[in-house]
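Biologist: Before we discuss any terms, could you show me the sequence and the structure?

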Amino acid sequence: MAENTSKHAVVTGASSGIGAATVRKLRADGWTVVAVARRADRLEKLAQETGALAFAADVTRDEDVAALVDFVAAHGGLDTLINIAGGARGTDHLATAKAEDWDWMYQVNVLGTMKMVQAFLPALRAHGHGTVLNLTSTAALAAYEGGAGYNAAKFAQHAITSALRLEEVANNLRVIEVVPGLVQTEEFALNRLAGDAEAAKKVYEGVAAPLTGADVADVVSYAVGLPHHINLDQIVVRPVAQAANHKLIRS
Ligand code: 8X3
């Protein structure tokens, strides 16, 4: 019944939103954190603010991931890998969906997670009490109109998370899936809607209290901070106003 006492985490998607909030929360909880994202300037600021170590990398690029593995090994290793990098592009129906949007979503949500897990599995196995936490979405649970491409990517990321749990249990790897619904962050809707700030605002309009990145970060930190024998396999977290993806109360 070993505790997770070493508390060394790698967090991707750390330049904004849930990823940045997770870095802040884990640092406040006393973790050593390597914060990973593509945008070095934002990472640097976060590192100065929180004392996290910053490493600029694109999780879909093999050479970046390999360099990150070396950096982490040289800075105390890890016991916990938190894959938050991801996102949505487009709200097209299948009839008009753009292959480049779908390709981007598959790359960042699915192949990025796969590459990060593959790269860090040897260290996590060697640690003996490793944890992988993948941030998926309620878009992984039920399809919705205009969601197909994002649904497909998040269903896939959910599937690889479930397979990993089965494949690595013999190596004592804990695999957690955090599944958020509507979370208001500065960039998620903006990225999905091609930078249209008005349309992005409408996503949250009239919703009394959408979740924040910090809300989800609290859940992430709780899950990875539990003693290692406790596995919260799959945590669905929504604002109260969102009883289901299709059932959102707006005033
Ligand atoms: C975000 C949740 O409702 O936009 O991952 O699919 S939703």
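Modeller: Here they are; please note that this is a predicted model. A starting point is Val-10, whose bridge partner in strand S2 is Val-34. The chain runs from S1 through helix H1 (residues 17-28) to S2, a β-α-β crossover that is right-handed.

Biologist: What makes S1 and S2 (residues 32-37) a pair of strands?

Modeller: Pairing requires at least two bridges found by DSSP. S1 and S2 have five bridges, in the parallel sense, and therefore count as paired.

Biologist: How do you know that S1 also pairs with S4 (residues 80-83)?

Modeller: The two are linked by three bridges, again parallel, and the requirement is at least two, so they pair as well. Here the partner of Val-10 is Leu-81 in S4.

Biologist: Why is strand S1 (residues 8-12) described as largely enclosed by the rest of the structure?

Modeller: Because five of its five residues are buried, that is, each has under 20% relative accessible area. His-8, Val-10 and Thr-12 point one way, while Ala-9 and Val-11 point the other way.

Biologist: What makes the approach of Ser-137 to the ligand a polar contact?

Modeller: The cut-off for a pair of N or O atoms is 3.5 Å. A polar side-chain atom of Ser-137 is 2.6 Å from a ligand oxygen atom, so the pair qualifies. The side chains of Arg-192 and Asn-245 each have such an atom 3.4 Å from a ligand oxygen, so these pairs qualify too. Of the 240 Å² that the ligand exposes when taken alone, the protein buries 84%.

Notes: Residues are numbered from 1 along each chain as its sequence is written. This is a predicted model: local features need pLDDT of at least 70, side-chain atom pairs count only at pLDDT 80 or more; totals for chains, interfaces and linings use all residues. Side-chain values use heavy atoms; hydrogens and water are left out. Buried means under 20% relative accessible area, exposed over 50%, partly exposed in between (1.4 Å probe, protein chains only). Helices (H or I, at least four residues) and strands (E, at least two) are DSSP runs, numbered from the N terminus. A crossover is right-handed if, with the strands pointing away from the viewer, the path from the first strand over the helix to the second runs clockwise. A polar contact is a pair of N or O atoms within 3.5 Å; within protein, one must be able to donate a hydrogen and the other to accept it, and residues adjacent in sequence count only if both atoms are side-chain atoms. Accessible areas come from the Shrake-Rupley method with a 1.4 Å probe; for residues, only the protein chains shown count as cover.
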